[in-house]
Amino acid sequence: PTAVAPAPSPSPSAAPSAPAPAAPSPARAPTGGESRPVYELDAGQRVVALTIDDGPDPRHTPTVLALLEQYGIRATFFLIGENATEHTGLVREIAARGHHIANHTWTHPDLRSLSEGKVRDELERTSDLLHRTTGKVPSWFRAPGGDWSSTALRVSAELGMRPMAWSVDPRDWARPGTGVITDRILRDVRPGAIVLNHDGGGDRSQTVAALKTYLPVLIDSGYHFTAPPG
Ligand SMILES: [Zn+2]
């Protein structure tokens with residue numbers, strides 16, 4: 001939610017070890033409808049949401065940020081806590097450039113196999129870190145692998161987050177080749193699509209190359225990119 005209590009603005013010199021604020025306290029509890037994952041946006045407009053998972057990764061995230069800047073695109077980055085804590089400078093840079101910082105758990109486990117306490121730890125620890133690092137409480141959560149569980153949905157709602165899935169998955173993580181990634185995205189995108197890409201979790205140079213190809217094609221065909229508000 002954008003209506004959370006004001007948090008201190010991130011400053012470039014803020015040390016990651018700054019005192020931890022209180023646990024995120026959402027201004028409103030998400031409604032029942034909000035606890036179901038969002039797969040697509042309103043198809044009434046020619047919009048696409050670009051989501052970028054598993055970072056930050058110093059090998060790829062800076063290039064992705066430069067590309068998004070070049071095309072004037074705002075995206076949503078689903079960050080893994082244990083990567084974010086190693087690269088807090090990148091986390092701050094993503095946020096400073098106007099992208100959404102979102103929660104993708106601390107260690108990227110299969111949440112369906114974890115106890116409620118462990119699920120809460122995965123989500124809360126990550127939200128706390130992202131809040132501490134950027135001054136903003138994440139308002140979106142994505143289960144690793146899209147493997148949702150009722151426990152994960154309930155805990156994420158309690159932490160003030162809505163669950164975001166996707167509608168276009170080029171399976172870029174499997175490195176099928178830049179051409180294949182590009183073709184799958186251009187074939188499957190339609191108004192309201194939520195596209196899944198990865199900038200972490202391994203060598204993502206194919207994904208970066210695909211972004212260079214497909215972003216201008218979508219823009220030329222009249223699509224606008226949006227980072228959906230929480
Ligand atoms: Zn992931």
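User: Before anything else, are Asp54 and His104 buried or exposed?
Analyst: In this predicted model, both Asp54 and His104 are buried.

User: Okay, and which protein atoms are the donors of the zinc ion?
Analyst: The protein donors are Asp54 through OD, His104 through NE2 and His108 through NE2, and they lie 2.1 Å from the zinc ion. Along the chain, the donors follow the spacing D-x49-H-x3-H. Asp54 and His104 link distant parts of the chain, 50 residues apart, with Asp54 in the loop between β1 (47–53) and α1 (61–71) and His104 in the loop between β3 (100–103) and α4 (116–134).

User: You mentioned α4, so how far apart are its end C-alpha atoms?
Analyst: They are 27 Å apart, which agrees with the expected span, because the 19 residues of α4 should span 27 Å at 1.5 Å a residue.

User: Which residues of α4 are buried, and what covers them?
Analyst: Among the buried residues of α4 are Val119, Leu123, Leu130 and His131, and what covers the buried residues of this helix includes β2 (76–79), α2 (81–84), α3 (88–96), β3, β4 (140–141) and α5 (150–158).

User: What follows α4?
Analyst: The helix α4 is followed by Gly135, whose phi is positive, near 80°.

User: Switching to rings, how many aromatic pairs are there?
Analyst: The count comes to one aromatic pair. The ring centres of Phe141 and Trp148 are 5.8 Å apart and their planes meet at 80°, so the pair is edge-to-face, a label that applies to planes over 60 degrees apart. Phe141 and Trp148 are both buried.

User: And where does Arg46 lie?
Analyst: Arg46 lies over the face of Tyr223, at 4.2 Å from the ring centre.

Technical notes
Residues are numbered from 1 along each chain as its sequence is written. This is a predicted model: local features need pLDDT of at least 70, side-chain atom pairs count only at pLDDT 80 or more; totals for chains, interfaces and linings use all residues. Side-chain values use heavy atoms; hydrogens and water are left out. Donors are N, O and S atoms within 2.8 Å of the metal (3.2 Å for Na, K and Ca); water is not among the atoms, so sites may look incomplete. Helices (H or I, at least four residues) and strands (E, at least two) are DSSP runs, numbered from the N terminus. Buried means under 20% relative accessible area, exposed over 50%, partly exposed in between (1.4 Å probe, protein chains only). The expected span of a helix is 1.5 Å times one less than its number of residues. Contact means heavy atoms within 4.5 Å. Rings of Phe, Tyr and Trp (its six-membered ring) pair if their centres lie within 6.5 Å; planes under 30 degrees apart count as stacked, over 60 as edge-to-face and the rest as tilted. A charge sits over a ring if NZ of Lys or CZ of Arg is within 6 Å of the ring centre and within 35 degrees of the ring normal.
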